[in-house]
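Take a look at the model below. We will walk through it one chain at a time.

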Amino acid sequence: MSASTGLAAILLTALATILVGVVGVRAARTTSDFYVASRTVTPWWNASAIGGEYLSAASFLGVAGLVLAYGADMLWFPVGYTAGYLVLLVLVAAPLRRSGAYTLPDFAEARLESLAARRTASVLVVTIGWLYLLPQFQAAGLTVRTVTGAPQWVGPVLVAVVVLVGVLSGGMRSITFVQAFQYWLKLTALALPAIFIVLVWQSHGTPSITQDGPPVFAEPTVVDIATGVSVEVLQTIAVEAEGTVDGESVDGPVSLSPGSHTLARGTQITFPAGVQIPHADNLTPLAGEDWRLPLRSASDHPLYSTYSLILALFFGTMGLPHVLVRFYTNPDGRAARRTTVAVLGLLGVFYLLPTVYGALGRIYTPELLLTGRTDAVVLLLPGRLVDGMAGDALSALVTAGAFAAFLSTSSGLTISVAGVLSQDLIGHRVRNPVRAFRLGASLALIVPIALALLSPSLGIADVVGLAFAVAASSFCPMLLLGIWWRRLTDAGAIAGLVVGGGLSTLAVLGTIVWAPEQGWWGPLLAQPAAWSMPVAFLVMVLVSLATPRRMAPGVNQTMIRLHTPESVDLDRGTWDPEDRWRTRT
Amino acid sequence: MDAAARQSYWKRNLRLMASLLVVWALVSYGAGILFVEQLNTLSIMGVPLGFWFAQQGAILTFLILIAIYVWRMDKLDQEFGITEYEDEVHGS
């Protein structure tokens, strides 16, 4: 695809986003409009918006990339992304809504009647938000680079600017319309090219996706190295190279012996047909049987890794700040339930598609295993398989869809993180609440952008998986115990949040910095949820039992408020989250 | 709604939740781990689709479970005369 078509697609998406947002702005007048759209959004709109917000870069690009490299095991990501909604709906959604809290820190304060608990929750919301924003920006950089060849920083900055414009001007109400629009854009952008791709694959006589041996180049392939990469060669191969290989300038035939080789940026390598594909060092793709069967992952303990990932995804959803706030935009509990059904339907339809890209990418874009940029498969496949104008148009469509994915998820997260930053962490230093919110929004974006530009290229869906793990080991225990166990005390909750959130965050950092491959350390750090989540629960329960005097004085009333339908006339206590804003503004 | 009615409402709510979560856990566990070997033998047009079908099936099952929850809760609310309206929810 030509750079200009791609650029046009990106700019159009950005422009449409701002336009839809501006229409929504007219409707936003009050604080409640701003944060929860005054609870007047219909279930259908709201469901599209939740879908639009939830389907991030990890779903749009990441899942296909992981399937390309690692195969069947990675199908757990879509299942986990949807399964989390069921626990969220059944155990948490309605009580949380009735609590009257808008955010997780609000809930911590309302239930535990402790400002310290509120602060702890605030820090964790920001941590999880940043961890989730980081891969969005990495993906934006990757997309802009793949499509237009522009430097890595252009994508993140572009996304940040559009998000800031949207968030600062319109708040939740306009974002709801924007995100609903973006869900449908994403679905179309993935579905339409998928149909063409499958048709082309069939016209080629449906070549087999799973060869028995390790992946090979089916036909002579020219690979341009856009970012310097270190690759692992398994058997001696003869190639044509132009550029820098292993630090030496070459132009002509080269023989690569088994072992590690570095390919410098700008090098062009031509592989003859039938040659085994060298793979990037930081990625161990699976082949043959191992690729198509689950529980065969490259780590030493696949069963543990699978369980831990499942736990993180199933229980992490409820701890994601941008997901929770969405339940408040419904007018009542019944609409909230209806919304969830629609959301799950919309997500289910979407998740049929990434596997198609990942699997066919095995045949048509195998060089991604060499460059290590498997996340780009969704962007490259349509142009590779469909020629001419149609191919250009389809490529532009997936590019637009990918951009919609970054924009919608980043907007939702930015609102959540900025809200917490401005209310709890910088609010008392800046008097003017609007200025505090703007400052919060900028901070919410700058930190992850810096991290995205500094950190090595991690798999998009992997990093999102880690954000889920931190959420599952901190907010999940706080919410479940807070809602269902009246003896939870503020000391217990804080201890659990610090220990669970802290340990899982350390494990995440350990994976990023140290990345051990062998033995038990690798899986334990890469998938911490299976041990950090039980530890967090245990700490919360034990510390709470040890500090029975710290039980919130109004806990009985709070519990009644959480568990009785809103229309039933009861003494619900006096806590009202909007007081916070009334006193301020 | 008096205390007895509230208790019975609460009990039925809990029973519904428990049964849905049991099915949820069984489906997740079964589709991905227990029946892996059997699923792997299923293949369509040379593509081993068993696991993929199981996963899509799992998503569908969750959808059905949620639909059941919504339907049962609506019915339960009706039985106990609970209706939720915007102005009663919150003064916003």
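Start with chain B of this predicted model. Chain B has 92 residues, and 25% of them are buried. To count as buried, a residue needs 20 or more other C-beta atoms within 10 Å of its own. What is chain B built from? It contains four helices and zero strands. Read from the N terminus, its elements run α-α-α-α. Now look at the contacts in chain B between residues at least 6 apart in sequence. Of these, 65% join residues at least 24 apart.

Move on to chain A. The domain assignment splits it into two parts. Domain 1 covers 3–204 and 289–568. Domain 2 covers 221–276. Where the two domains of chain A touch, domain 1 supplies five residues and domain 2 supplies six. Which helix gives the largest share of the domain 1 side? That is helix α14 of chain A, residues 367–371, with three residues. By type, the domain 1 side that touches domain 2 in chain A has one nonpolar residue, two polar residues and two charged residues.

Now find helix α13 of chain A, residues 354–364. Why is it described as largely enclosed by the rest of the structure? Because 10 of its 11 residues are buried. Trace them along the helix. The buried set in α13(A) begins with A:P354, A:T355, A:V356 and A:Y357. It continues with A:G358, A:A359, A:L360 and A:G361. A:R362 and A:Y364 complete it.

Note on methods:
Residues numbered from 1 in each chain as written. Chains lettered and ligands numbered in written order. Predicted model: local features only at pLDDT ≥ 70, side-chain atom pairs only at ≥ 80, totals over all residues. Domains from an automatic or database assignment. Contact = placed C-beta atoms within 7 Å. Helix = DSSP H or I, 4+ residues; strand = E, 2+ residues; numbered from the N terminus. Nonpolar A, V, L, I, M, F, W, Y, C, P; charged D, E, K, R; others polar. Buried ≥ 20, exposed ≤ 12 C-beta atoms within 10 Å, placed from the backbone.
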